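Colleague: I should like to understand how the terms in a structural description are justified. May I put some questions to you about this model?

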Amino acid sequence: MKNMPPRVSEQRSRFDCELEAILDAIPQPIIIKDALSRFRLLNSAACALVGKERSELIGRTDYDILPAAEADRIREMDVEVLETGNGASFEEDITLADGTVKNLVTQKRRAELASGNTRERFVVATILDVTACRKAETELRLSEEHYRSLIELHPQVPWTAKPSGEIIDVGPRWKDITGFEAADALRRAESIHPDDRDAMQRLWSKSRLTGDPLDIEFRLITAEGCYRWFRNRAAARKTGDGKIVRWYGILEDIDDRRRAMESVKESEARFKAIADDAPVMIWVTDESGAATYHSRLWLETTGQTAEQARGLGWVDAVHPDNRREVEAGFDAAMRLRKPVRVEYRLRRADGTLASAIDIGQPRFSSDGGFLGYVGIALDITELRNAEQQRLLAQKQMHHMVRHDALTGLPNRQFLREEFQRISDKVVPGTRVAMLCLVLDSLKAVNDAYGRTTGDLLLRRAAERLRNCLKQSDILCRLGGDEFVIWRTGIKSDDEARTLAEQLIGVVETPYELAGTQVDIGAIVGIAAAPMCGQSVDELIQAADVALDQAKAGGRGTYVEYVPGMDAHLQAKQQMRVSLRRALINGELGIHYQPLVNLHTGRITTCEALVRWTHPETGPVSPSEFIPVAEETGLIAPLGDWILRQACMEAAKWPPHVSVAVNLSPLQFRNRQLACDVSKVLHATGLDPSRLQLEVTESVLLDGNDNNLHVLQAIRQLGVKLAMDDFGTGYSSLSYLRSFRFDKIKVDRSFISDLPAGRESLAIIRAVAGIGRTLEITTTVEGVETEAQLDAIKAEGFDEAQGCLFARPLPAQQIRQLMGAWP
């Protein structure tokens with residue numbers, strides 16, 4: 001059938017041609033098929049739909065232009081229409097030969113045409129191409145579904161109302177949010193919180209009358225019986241003449257935001273309550289640096305109101321001389337978003353000035369955004385005053401330690417420091433002169449006229465000496481009636497001798513003291529030499545040697561030091577060499593003297609005491625070689641060796657026995673002293689609590705806080721600290737205030753005349769009381785008799801040390817003593 005030749009097309013009648021012309025005028029595709037489903041007529045619209053010329057289609061069938069499956073289906077339908085005479089209408093997708101899919105609505109009818117004695121049947125198909133229409137409908141449906149999805153998912157609920165305000169429609173999420181049907185909830189005024197109801201009705205009525213937009217926040221009840229915050233916004237759609245046609249609104253659930261805002265307000269209120277009760281002045285700024293809050297203490301201190309302090313108004317409370325610096329500090333911190341710290345003088349409400357320190361920290365949000373600053377201003381007036389008082393007291397102490405209290409002249413400590421300072425600046429080889437001068441007959445004046453007159457004489461003599469010296473000269477009082485004069489850059493020994501004569505002359509001029517004429521003399525020893533490594537003590541010693549020679553000649557005599565006078569100085573120099581060698585060769589040893597607990601009778605501590613047996617001259621007293629070690633700088637390695645040996649030995653003792661080691665004040669020049677102690681403890685394995693370091697109060701006489709910091713660092717190791725020779729210094733009690741010692745040891749000089757000495761007994765009684773009050777262990781040294789022991793026990797001392805118990809013993813013997821001790 002598909003290959004049937006197109007005979008019909010060859011026999012086209014005039015009628016067919018005229019019918020084609022009529023059908024071509026119809027824009028709707030029309031196809032006429034014969035009983036064999038061959039195309040008999042097609043108008044132009046049908047040819048365009050199929051995409052072929054009429055000549056290509058006449059006499060052809062659907063099989064020639066459609067896939068076989070679709071052609072079979074169309075053929076079946078054509079046969080049914082021809083046989084039954086029933087029309088058919090259907091919509092279908094037709095795939096053309098070029099692959100194009102068309103959506104077509106086809107109506108088929110049977111037609112009959114008489115031809116002679118026969119009637120020929122035809123299928124007339126009218127086709128409507130609804131492809132574009134169906135596409136538009138599909139797109140519209142998708143758009144509606146998309147819009148509906150947005151409405152259902154959007155957190156805001158749209159609504160519409162008539163011009164009268166009657167609600168027409170509400171978005172589907174309304175019920176999800178409130179649990180109520182939309183129309184029911186919105187129409188009931190009682191759904192609105194009573195506190196918000198009047199405002200809501202008043203504003204909605206006003207908007208309906210005026211057409212103005214509505215924007216209000218209020219609370220609505222939910223199905224659970226609680227209220228939630230909503231924001232309702234509406235706008236009217238109007239005609240050209242302003243008549244309202246429809247209201248369009250958005251209802252937004254803002255309950256979380258409102259509660260967050262209320263939480264923030266509550267947090268701010270809590271912050272302000274805390275800040276207003278804080279003992280410091282608290283402030284907050286915004287991101288521009290303008291102050292938004294100052295606590296009550298700031299307002300009370302400055303007298304400003306909260307409004308006056310707002311923005312940059314707080315700067316008005318800063319002293320004018322400090323404002324530029326303060327503003328520059330805050331501006332620099334703002335630019336870098338860094339912490340700010342400034343100090344300034346703050347004007348109080350009563351007109352006085354306060355010292356303030358202002359510290360601020362930048363604030364950032366969770367996403368890194370800069371929020372501003374929060375800070376505190378501290379009134380440090382009292383702290384500054386106390387600091388100034390401390391500095392003043394420190395300067396006074398520093399001065400007192402380095403000057404004579406009676407005459408105001410420098411002392412030996414001052415001379416040593418100046419000598420060290422100037423020595424670094426003086427060209428080596430520069431000649432210097434050191435003169436030691438003693439006042440002759442001062443004791444006779446004290447005996448004849450009393451100590452007060454003698455002190456006045458000393459001050460007058462010191463004044464005369466000061467007035468006859470150059471400004472570059474240094475005049476010191478070493479104590480009693482002895483003075484030292486040091487001059488640098490002398491041109492010859494004659495200049496030193498001339499100076500000695502001048503000093504003697506001014507001193508021997510009679511004095512008028514409270515109506516009494518007093519006559520004294522002077523004796524001078526001179527040491528003149530180029531500076532080439534001598535210490536100040538060596539020069540003073542040389543001048544002292546010459547002074548001893550001059551004393552034989554009486555008042556008015558001066559003697560210049562010459563080589564040979566200082567045999568003992570040479571001996572000291574030899575001792576230096578020997579001591580250095582002894583330290584290297586292991587000639588030194590440690591002896592240990594026990595300290596006994598007076599409450600339990602047990603040995604609690606043993607003091608490590610260095611001993612030196614010279615291979616040629618025999619034992620050397622520590623009072624001889626320790627000063628030499630301090631002068632030569634050997635005290636550092638010697639002290640480290642003693643500490644290491646003592647800790648190694650103590651590690652072998654019972655755990656309840658500690659070891660005490662003396663530290664020289666000069667060892668504190670080593671800023672790493674605490675670190676060195678820690679290394680020794682680690683190397684020897686000794687528990688830090690079993691080490692006691694004994695220091696004299698001279699350690700705390702330094703003008704700066706270095707020694708105090710070293711003591712604190714040692715204390716942090718767990719090591720115990722004891723003040724040795726307590727009571728013999730300048731002001732021991734003040735040192736107990738500046739540093740808390742674990743133990744105080746009373747010097748043996750207060751024990752020797754016990755129990756008969758009333759003054760000594762009163763002193764040790766006071767020390768025992770101090771120890772009990774401050775909870776500091778009290779120890780006495782130098783106990784040699786049972787009577788002395790009974791006396792200190794009666795006063796409540798904790799420990800005792802002395803020959804009554806045991807003399808210093810070598811390490812092996814001290815261990816034997818511990819084993820035999822009851």
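Modeller: Let us begin with strand 6 (residues 156–161) and strand 10 (residues 244–253), which pair in the antiparallel sense over six bridges. The model is predicted: local features need pLDDT of at least 70, side-chain atom pairs count only at pLDDT 80 or more, and totals for chains, interfaces and linings use all residues. Residues are numbered from 1 along each chain as its sequence is written, and side-chain values use heavy atoms, without hydrogens and water.

Colleague: Why are strand 6 and strand 10 called paired?

Modeller: Pairing requires that DSSP find at least two bridges between two strands. Strand 6 and strand 10 have six bridges, so they are paired by that definition. One of the bridges joins Q156 to E252 in strand 10.

Colleague: What makes strand 9 and strand 10 a pair?

Modeller: Strand 9 (residues 227–238) pairs with strand 10 in the antiparallel sense over nine bridges, and N232 stands opposite L251 in strand 10. Strand 9 and strand 10 form a hairpin with five residues between them. In the turn, G242 has a positive phi of about 90 degrees.

Colleague: How do you know that the protein is not a compact globule?

Modeller: The globule rule is 2.2 Å times the number of residues to the power 0.38, and the radius of gyration is taken over C-alpha atoms. For 822 residues the rule gives a value near 28 Å, but the protein has 58 Å. The C-alpha trace spans about 185 × 70 × 70 Å along its principal axes.

Conventions. Helices (H or I, at least four residues) and strands (E, at least two) are DSSP runs, numbered from the N terminus.
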